[in-house]
Amino acid sequence: MLSHSRCLTRNFGRSLSVIRQGNNAFARRATAVLSACHPVTLNNNVLYNPGSSVFQIQYFRTSVAYRDEVVTVKTPAFAESVTEGDVRWEKAVGDTVSEDEVVCEIETDKTSVQVPSPAAGVIEELLVPDGGKVEGGTPLFKLKKGAGAPKVPEAPKVEAPAVAAPPPPSAAPTPPPSSTVGPIPTTLPPVPPVPAHAMDTKPVSAIKPTAAPAAPAAHAEGGAKSARTESRVKMNRMRLRIAQRLKEAQNTCAMLTTFNEVDMSNITEMRKAYKDAFLKKHNIKLGFMSAFVKAAAHALVDQPAVNGVIDDTTKEIVYREYVDISVAVATPKGLVVPVIRNVEEMNFADIEKAINLLGEKARKNELAVEDMDGGTFTISNGGVFGSMFGTPIINPPQSAILGMHGIFDRPVAIGGKVEIRPMMYVALTYDHRLIDGREAVTFLRKIKSVVEDPRVLLLDM
């Protein structure tokens, strides 16, 4: 109960902060103080009426209550072929993060998934240890939204000036070098005289070995000897999966490798003649990889057995009517094989653009699992590292893989004459359970003919 005899002024503080921010002009005027001389209303509801001895105070929840809200960030959903991953933390408890800043990476069998912060705030708690296994939907960390502020670098501490050390005792001044140069000798030094009698000689067997002088100390007295150390690093999930798949390929496939050599003269001259025009039109450089990818697609259509695969579950052979070529790319975390799809429908420019896009994503660690799923054939280019010869391992469940190597000038017989040509060795490793030697050799010769003379593609030969 309040009396009518005097005007009432009372500060409501936070409970009426919403009224102060409202669109009602009268409400904004009445929020600083509450006077008995004027009624206070909000949304047509009377909060205080001077004609009544009782008034009602309503409290409102404001957005300030959510400023320091704590949210739990969960593991994003994985692709169907991925069930779990290992967490690698980029931030620690108490670190301030901005929106979309990467907090951790989840390493899966095929790629790494980055987990960004949903909002700006401070990391309150890490719910999974570094290196721990998580599945889709597993809680990762707690984030306090809007808390904290960007870390300000500490001002450099001003240290007291050190007491100046006494100057070392002055040594005797060294005489300055003479500015005058002595006369240049014009005669040769005397030759030592040759002895008149030959020196006494002894056979090697008669010479007795003498003890070698003691080696000088490697370090000064009190210095520690160099330690022979070693370190152990846990294998990441991608490296473990690569090792497992390669060993499975050796245990499952009957792998056999056939070789050939490719004369790179024509493709080199074509690249040299059209690389500037190609770059100007397509805004991308013309390389050798597109020629081999297109040649492989042409050969896979001609030899469908190399593009097929054995289904060990049903004991059936699956022949694909499409060509999806995996291109091996080396990354710091391991070898990845993103897939270029429907290569049989692409030209050189389309292939170069696809290779450049996938390579850029691999270098930035942005490859998704979908970029590496599938693939009917793989090309591995060890020539970028200077490899001359090698036998690649099949990428299961595929049935074959092509290995490219370095281009080196070698003497070859051309028309009965020896000429120096840029040559490359190529190797095809295939699953002998499905592919016979005839198909393998024919396939590799088809690649050789297309790369050596790209006009074969125009004639569909």
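In what order do the 4 strands of the open sheet lie? The legends below, written for a predicted model, begin with this sheet.

**View 1. The open sheet with antiparallel pairing.** The strands follow the order 3-10-8-5. Strand 3 (70-74) and strand 5 (96-97) occupy the edges with a single partner strand each, so one side of each has no neighbour in the sheet. Strand 5 pairs with strand 8 (residues 121-126) in the antiparallel sense over 2 bridges, and Thr 96 stands opposite Val 122 of strand 8.

**View 2. A salt bridge between Glu 124 and Lys 144.** The closest N and O atoms of this pair are 3.2 Å apart. Glu 124 belongs to strand 8 and Lys 144 to strand 10 (residues 139-145), and the two residues are 20 residues apart. Glu 124 is partly exposed, at 37% relative accessibility; Lys 144 is also partly exposed, at 24%.

**View 3. The hairpin of strand 6 and strand 7.** Strand 6 (residues 102-107) and strand 7 (residues 112-116) run antiparallel and are joined by 5 bridges. Between the two strands of the hairpin are 4 residues. Glu 105 stands opposite Gln 114 in strand 7.

**View 4. Helix 4 and its kink.** Helix 4 (residues 265-282) comprises 18 residues and reaches 24 Å from its first C-alpha to its last, close to the expected 26 Å. A kink of about 55° is centred on Tyr 274. Ser 265, Ile 267 and Phe 278 are buried in this helix. The elements against which the buried residues of helix 4 pack include strand 11 (255-263), helix 5 (289-302) and helix 7 (437-452). Just after helix 4, Asn 283 takes a positive phi of about 60°.

**View 5. The salt bridge of Arg 421 and Asp 263.** The side chains of this pair meet at 2.7 Å, N to O. Arg 421 lies in strand 20 and Asp 263 in strand 11, so the salt bridge ties together parts 158 residues apart in sequence. Asp 263 is buried, with a relative accessible area of 13%.

**View 6. The salt bridge of Lys 361 and Asp 371.** The N to O distance is 2.8 Å. Lys 361 lies in helix 6, while Asp 371 lies in the loop between helix 6 and strand 18 (377-381). Lys 361 is partly exposed at 23% relative accessibility, whereas Asp 371 is buried at 16%.

**View 7. Confidence along the chain.** The mean pLDDT of the protein is 77, with 67% of its residues at 70 or more. Over residues 1-37 the pLDDT is below 50. Where pLDDT is low, the predicted coordinates should not be read in detail.

Terms used. Residues numbered from 1 in each chain as written. Predicted model: local features only at pLDDT ≥ 70, side-chain atom pairs only at ≥ 80, totals over all residues. Heavy atoms only, no water. Pairing = 2+ DSSP bridges. Expected span 1.5 Å × (residues − 1). Bend = angle between axes of the 7 residues up to and from the residue. Buried < 20%, exposed > 50% of the residue type's maximum accessible area, 1.4 Å probe, protein only. Contact = heavy atoms within 4.5 Å. pLDDT = per-residue confidence, 0-100. Salt bridge = Lys/Arg side-chain N within 4 Å of Asp/Glu carboxyl O.
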